[in-house]
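Dear colleague,

I am handing over a structure that you have not worked with before. Please look through it alongside the notes below.

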Amino acid sequence: MKPVTATRRVQFCAGHRVQGHENKCRNLHGHNYVVFFEARAQQLDSLGRVIDFSVLKQKLGGWIDENWDHGFVLGEADHQARAIIGGLATQKLYIMPTNPTAENMAEYLLTTIGPKQLEGTGVELCRVTVWETENCYSVAEVDA
């Protein structure tokens, strides 16, 4: 039997820039992101759930609220933007190890943040979808 999944939608606003981008995304700018976190379990709990949706909201949405929402997400190698944003004493700033593209953000949430946040719940993320705009999104998923 295939694992059953549960998906939680989380919205947040954040600024970023794609260092080295060939067009306008090389500039500091922001998005109204939407992320879908898909979690799986080999068995449903005693109530017939993968996990309570509020737990996904608290653990994953809570992490986003604390670290990314209404802040800037920049890449570790983007020293120029980090100096600009970091110089603003009250500006929320999160440094990712990679360029903060939708693809890298999805993969980072799937492989780095998700396992830490869901530790001890008995479920794991199997797919993360990051909508950067209404027209553009990226998906990261684990192998079956």
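The notes that follow cover the nonpolar core, the cysteines and one strand residue.

This is a predicted model, in which local features need pLDDT of at least 70 and side-chain atom pairs count only at pLDDT 80 or more, while totals for chains, interfaces and linings use all residues. Residues are numbered from 1 along each chain as its sequence is written, and side-chain values use heavy atoms, with hydrogens and water left out.

The largest nonpolar core (buried Ala, Val, Leu, Ile, Met, Phe, Trp, Tyr and Cys residues joined through side-chain atoms within 4.5 Å, where buried means under 20% relative accessible area, exposed over 50% and partly exposed in between, with a 1.4 Å probe and protein chains only) has 32 residues, of which Phe37, Trp68, Leu109 and Val128 touch the most other members. Leaving aside neighbours within four places in sequence, Val128 is in contact (heavy atoms within 4.5 Å) with residues including Phe37, Leu109 and Val139.

As for the cysteines, the structure holds 0 disulfides, a disulfide being a pair of cysteine sulfur atoms within 2.5 Å. Cys13 is in none, and the nearest cysteine sulfur, that of Cys25, is 17 Å away; Cys13 itself is partly exposed, with a relative accessible area of 28%. The sulfur of Cys25 is 8.7 Å from the closest cysteine sulfur, in Cys136, which is too far for a bond.

Finally, Gln11 counts as exposed at 53% relative accessibility, and, not counting residues up to four places away in sequence, Gln11 touches Tyr33 and Val34.

Best regards
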